[in-house]
Amino acid sequence: MANIGIVIPAAGQGKRMRAGCNKQFLVLMGQPILAHTIRVFEESNFVSEIVIVGAEGDISVIKELVYHQGFQKVAAVCKGGVLRQDSVRAGVRALSPAIQRIVVHDGARPLLTLQAFNQFLEETQEYPAAIMGVSIKDTVKRVNLAGNVLETLPREDLRSVQTPQVFDRGILEVAHYQAVSAGYYGTDDASLLEWMGYPVQMVEGMQENIKVTTPEDLWLAERILAMRES
Ligand code: C5P
């Protein structure tokens, strides 16, 4: 299971955070969010290489962060694209050919623990494509643009999907290639495989593994980390 390559897309604009900068540089317990995110992979014995994908204007800041934190496994910091999918594609291209198993993890998810990550790798090693998801706590309804409720979805069939997502390199590359050629866009990588009709395995995620998207998420992330440290 060793020799896993990590792609961290961190090139989003973070508009929903209203911070005026890339949210991945906001500070959480004294460290940038992105540093927390990278550390788990730096510390996992299964990981041999990490590629970080940043917005063009952030590349030098990310390189500096990597240097100051002393991360040894970061092989490249490359330029992202307009869509998350473009950024992941760029990251996959930057991994060395020796890497045949790839994990994609959002830069904005700093709360994944080393234990949860290693367990995810163990549980998913038999599957060419597998993802983490958690059950939905609220009732979920589909609505139209006018806000009219169309239907209530069966909650027990639904999962809120997170990263990490793990893939055999070949199938991930084919999915990205086919999707970009057809103009198909998905908000995660697994959706590209689903679109091709390729099976994806879901395993239980962790509720704490939130994506820091809005100011409330930052507040919550601080408290979760503070609780872990106490
Ligand atoms: O936009 P969303 O919240 O789904 O972004 C998830 C992750 O993908 C974030 O870490 C964000 O920085 C990254 N992203 C990216 N390139 C984009 C858009 C998002 O790397 N063009």
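Two strands are said to pair if DSSP finds at least two bridges between them. In this predicted model, strand S7 (residues 129–135) and strand S10 (residues 159–168) offer a good place to begin: seven bridges join S7 to S10, and the two run antiparallel. Within this pair, Ala130 stands opposite Val166 in S10.

The pair belongs to a wider arrangement. An open sheet is formed by seven strands, and a reader crossing the sheet meets them in the order S5-S4-S1-S6-S10-S7-S11. The pairing in this sheet is mixed. At its edges lie strand S5 (74–79) and strand S11 (201–204), each of which pairs on one side only. From one strand to the next, the twist averages 25°.

Helices accompany the sheet. H1 packs on the sheet, where it touches S1 and strand S4 (47–54), and the direction of H1 makes about 170° with that of S1. Helix H2 (residues 59–69) lies across S4 and S5, and runs at about 165° to S5.

The interior comes next. The largest nonpolar core of the model has 51 residues. Those with the most contacts inside this core are Ile6, Val7, Ile8, Ile50, Ile52, Val53 and Ile102. Helix H1 (residues 33–43) gives the most to the core, with six residues. Ile52 can serve as a closer example: leaving aside its neighbours within four places in sequence, Ile52 is in contact with Ile8, Ala10, Ile62, Val74 and Val77.

The model also holds a ligand, and 17 residues surround this ligand. The closest of them are Pro9, Ala11, Gly12, Ser87 and Gly107. Strand S1 (4–10) and helix H3 (84–94) are the elements that give two or more residues to the shell around the ligand. Sorted by class, this shell has seven nonpolar, seven polar and three charged residues.

A last stop is Gly183, found in the loop between helix H5 (169–182) and helix H6 (190–196). Is Gly183 buried or exposed? Gly183 counts as exposed because it has 6 C-beta neighbours inside 10 Å, and a residue is exposed if 12 or fewer other C-beta atoms lie within that distance of its own. Gly183 can also be placed relative to strand S7 (residues 129–135) through Val134: Gly183 and Val134 are 49 residues apart along the chain, and their C-alpha atoms are separated by 29 Å.

How values were computed: Residues numbered from 1 in each chain as written. Predicted model: local features only at pLDDT ≥ 70, side-chain atom pairs only at ≥ 80, totals over all residues. Core = buried A, V, L, I, M, F, W, Y, C linked by C-beta atoms within 7 Å. Buried ≥ 20, exposed ≤ 12 C-beta atoms within 10 Å, placed from the backbone. Helix = DSSP H or I, 4+ residues; strand = E, 2+ residues; numbered from the N terminus. Contact = placed C-beta atoms within 7 Å. Near = placed C-beta within 6 Å. Nonpolar A, V, L, I, M, F, W, Y, C, P; charged D, E, K, R; others polar. Axes fitted to C-alpha atoms, helices over the stretch in contact; angles between N-to-C directions.
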